[in-house]
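Welcome! Take a moment to look over the sequence and turn the structure around before reading on.

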Amino acid sequence: MSVALQFEQSNRVVIRVSGELQVDEFARVSDQLVASLDQVLPTEILILLEQFEGWEHSDGWEGQLFSDSFDQHVRRIAIVGDPRWQEQALLFTGQGLRPVEIEFFPAVDEYKARHWLSQGV
């Protein structure tokens, strides 16, 4: 499993997730993201699910859901991946429960996700 955080533009953070998402890896990347948000405001987040296999089945996810503490710093979140993960990914990020716009795009439409993010300016 791998989770990597990178800065693509001054206001875009890209999170690449492959394999099975582990609680400790997610917590590490979340901490890195929170620590960097003051430097890239306002932020767009692009989550790329690449050969994604789901979430680790273990304890520890309580309080680890994609944090609403990001909301004051984030304009939009685009998730790109296999459509079979759409419903769970949108639940995980809290679509409709937060003021941040969150959308899911099939892997073949990564360019559409990037365009949608840039339209939030």
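Which strands do the buried residues of α3 pack against? Please keep in mind that this is a predicted model. The strands that these buried residues pack against are β2 (12-21), β3 (43-55), β4 (74-81) and β5.

**Helix α3**

Helix α3 spans residues 110-118, and its buried residues are A113, W116 and L117. Around the axis they cover an arc of only 100°, which means that they lie on the same side of α3. This fits the geometry of helices: an α-helix has 3.6 residues a turn, so residues three or four places apart point the same way.

**Two nonpolar cores**

Now look at the interior. The largest nonpolar core has 25 residues, and those with the most contacts inside it are I15, V17, L21, I47, L49, I77 and I79. At least two residues of this core come from each of β2, α1 (23-36), β3, β4, α2 and β5. The biggest share is that of β3, which gives five residues. There is also a second, separate core of nine residues, among them L46, L48, A113 and W116. Two of these names, A113 and W116, are already familiar as buried residues of helix α3. In general, nonpolar side chains tend to be buried together in soluble globular proteins.

**Strand β4 and its partners**

Strand β4 is mostly covered, with seven of its eight residues buried. Its pairings with β3 and β5 can be set side by side:

| Strand pair | Sense | Bridges |
|---|---|---|
| β3 and β4 | parallel | six bridges |
| β4 and β5 | parallel | six bridges |

To find these pairings in the model, try two pairs of residues. L46 stands opposite A78 in β4, while I77 has I102 in β5 as its bridge partner. On its way from β4 to β5 the chain passes through α2, and this β-α-β crossover is right-handed.

**The loop before β5**

Between α2 (86-93) and β5 (101-106) there is a loop, and R98 is found in it. Is R98 buried or exposed? R98 counts as buried because its relative accessible area is 12%, under the 20% limit used for that word. The side chain of R98 reaches the backbone oxygen of T93 at 2.5 Å. R98 can also be located relative to D71: the two are 27 residues apart in sequence, and their C-alpha atoms are 7.4 Å apart in space.

Methods
Residues are numbered from 1 along each chain as its sequence is written. This is a predicted model: local features need pLDDT of at least 70, side-chain atom pairs count only at pLDDT 80 or more; totals for chains, interfaces and linings use all residues. Side-chain values use heavy atoms; hydrogens and water are left out. Helices (H or I, at least four residues) and strands (E, at least two) are DSSP runs, numbered from the N terminus. Buried means under 20% relative accessible area, exposed over 50%, partly exposed in between (1.4 Å probe, protein chains only). A polar contact is a pair of N or O atoms within 3.5 Å; within protein, one must be able to donate a hydrogen and the other to accept it, and residues adjacent in sequence count only if both atoms are side-chain atoms. The arc is that of the directions from the helix axis to the C-beta atoms. Contact means heavy atoms within 4.5 Å. A nonpolar core is a set of buried Ala, Val, Leu, Ile, Met, Phe, Trp, Tyr and Cys residues joined through side-chain atoms within 4.5 Å. Two strands pair if DSSP finds at least two bridges between them. A crossover is right-handed if, with the strands pointing away from the viewer, the path from the first strand over the helix to the second runs clockwise.
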